[in-house]
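Q: I have a model open and would like to learn how to read it. Can we take the features one at a time?

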Amino acid sequence: MRLALSTLPQSSRNVRAVNLPSGGVMRILLVEDEPSLGEMLTTGLSRQGFVVDLAPTLGIAKEAALGVDYDAIILDRTLPDGDGLTLLAEIRKRGMHCPVIVLSALGNSRQKIEGLDKGADDYLAKPFSLDELLARLRAIARRPAAVEPDRIALGGLVFDVGHRTALIGETPLDLPRRELLVLETLILRAGRVVPRDVLEQAVFGYDDDIASNTLDSHISRLRRKIESAGLEIHALRGIGYLLRPTE
């Protein structure tokens with residue numbers, strides 16, 4: 001089952017839901033290039049009530065991980081376009097805390113330590129029992145939702161969530177209200193693509209008369225102000241915006 005991101009399965013029917021503490025169903029990104037194993041895991045997990053998106057390459061997996069808010073990622077290491085740990089390092093660098101279970105034939109002690117040191121929450125060597133994988137996923141599902149931090153650091157910028165203020169180094173960043181709202185919306189979702197309509201809803205009121213380029217103007221001015229913090233606002237045409245460290 002080799003699926004492009006645009007055709008990732010969105011839901012499963014007639015299955016027993018596995019609920020998170022918030023009450024929602026657990027959505028998983030499965031990164032696995034071996035077709036029969038990918039299909040077996042997708043079927044087995046879906047029957048247990050998980051919503052599963054299958055990505056057979058690092059490229060597709062990165063696009064999915066940055067575009068969807070997953071509750072867990074199951075990550076193979078040996079992929080056609082590289083080691084899955086590079087994706088793990090990337091999402092951790094972007095400040096994403098989604099639980100990651102590495103599922104790999106590279107399972108000696110040194111390789112497990114490497115995976116855990118890169119930011120994996122768990123490491124399961126192949127061959128494995130589906131029941132064991134399910135137990136580990138259920139353990140993740142039972143974890144309480146993460147508490148939002150009071151301060152978020154990204155690049156050289158620190159955003160104080162409670163006071164809604166930003167610093168670059170020790171210098172306060174003086175932002176008009178709407179630029180501040182753009183920054184707040186982006187940094188609270190750092191490492192994820194924020195759709196344009198989500199930004200517009202956060203920045204503008206229902207009664208505001210919004211020109212087509214108004215949001216772009218705010219983003220353009222904000223871009224210049226955060227350059228010195230080593231940050232950029234990357235636009236994905238037709239999709240949204242991504243706040244990330246400058247590459």
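Q: Which strands does α6 lie across, and at about what angle does α6 run to β9?
A: This is a predicted model. In it, α6 lies across β8, β9 (157-160) and β10, and its direction is at about 100° to β9.

Q: What is the order of the strands in the sheet that contains β8, β9, β10 and β11, and is the pairing parallel or antiparallel?
A: The general idea is that strands of a sheet pair through backbone hydrogen bonds, either parallel or antiparallel. Here four strands form an open sheet in the order β8-β9-β10-β11, and the pairing is antiparallel. The edges are taken by β8 (151-154) and β11 (171-172); each has a single partner strand, so one side of each is left without a neighbour in the sheet.

Q: How many bridges join β8 and β9, and how many residues lie between them in the hairpin?
A: β8 and β9 pair over four bridges in the antiparallel sense. Two residues lie between these strands in the hairpin, and G155 in the turn has a positive phi of about 60°. To find the register, look at I152, which stands opposite F159 in β9.

Q: What does the hairpin of β9 and β10 look like?
A: This hairpin has four residues between its strands, and R164 in the turn has a positive phi of about 55°. β9 and β10 are antiparallel and share four bridges. F159 has A166 as its bridge partner in β10, while L157 stands opposite I168 in β10.

Q: And how many bridges are there between β10 and β11?
A: Strand β10 (residues 165-168) and β11 pair over two bridges, again in the antiparallel sense. I168 stands opposite T171 in β11. The hairpin has two residues between the strands, with G169 in the turn at a positive phi of about 65°.

Q: Along β10, which side chains are buried?
A: Read the side chains one by one along the strand. A166 and I168 point to one face and are buried, whereas T165 and L167 point to the other face and are not.

Q: Back to the helix: which residues of α6 are buried?
A: They are E179, L180, L181, V182, L183, E184, T185, L186 and I187. Helix α6 covers residues 177-187, and nine of its eleven residues are buried, so the rest of the structure largely encloses it. For the protein chain, 42% of the 247 residues count as buried.

Q: There is a glutamate at 184. Is E184 buried or exposed?
A: The cut-off for buried is under 20% relative accessible area. E184, in helix α6, has a value of 13%, so E184 is buried. Apart from neighbours within four places in sequence, E184 is in contact with F159 and R164. F159 was met above as the residue opposite I152, and R164 as the turn residue with a positive phi.

Q: At what angle do α6 and α8 pack?
A: Two packed helices are described by the angle between their axes and the distance between the axes. For α6 and helix α8 (residues 214-226), the angle is about 75° and the axes are 9 Å apart. The two helices are therefore roughly perpendicular to each other. By class, their contact has five nonpolar, one polar and four charged residues. From α6, the residues are R178, E179, V182 and L183; they meet L215, H218, I219, R221, L222 and K225 in α8.

Q: What is the strand order of the open sheet of five strands?
A: The order is β2-β1-β3-β6-β7, and the pairing is parallel. β2 (51-55) and β7 (122-125) are the edge strands, each pairing on one side only. On average, neighbouring strands of this sheet are turned by 20° against each other, direction ignored. Within the sheet, strand β1 (residues 27-31) and strand β3 (residues 72-75) pair in the parallel sense over four bridges, and I28 has A72 as its bridge partner in β3. Helix α2 (residues 58-67) lies across β1, β2 and β3 and runs at about 160° to β1.

Q: How many helices and strands does the protein chain have?
A: The count is eight helices and 14 strands. Among contacts in the chain with a separation of 6 or more, 61% are between residues 24 or more positions apart.

Technical notes. Residues numbered from 1 in each chain as written. Predicted model: local features only at pLDDT ≥ 70, side-chain atom pairs only at ≥ 80, totals over all residues. Heavy atoms only, no water. Buried < 20%, exposed > 50% of the residue type's maximum accessible area, 1.4 Å probe, protein only. Contact = heavy atoms within 4.5 Å. Axes fitted to C-alpha atoms, helices over the stretch in contact; angles between N-to-C directions. Parallel < 35°, antiparallel > 145°, perpendicular 65-115°, else oblique. Nonpolar A, V, L, I, M, F, W, Y, C, P; charged D, E, K, R; others polar. Pairing = 2+ DSSP bridges.
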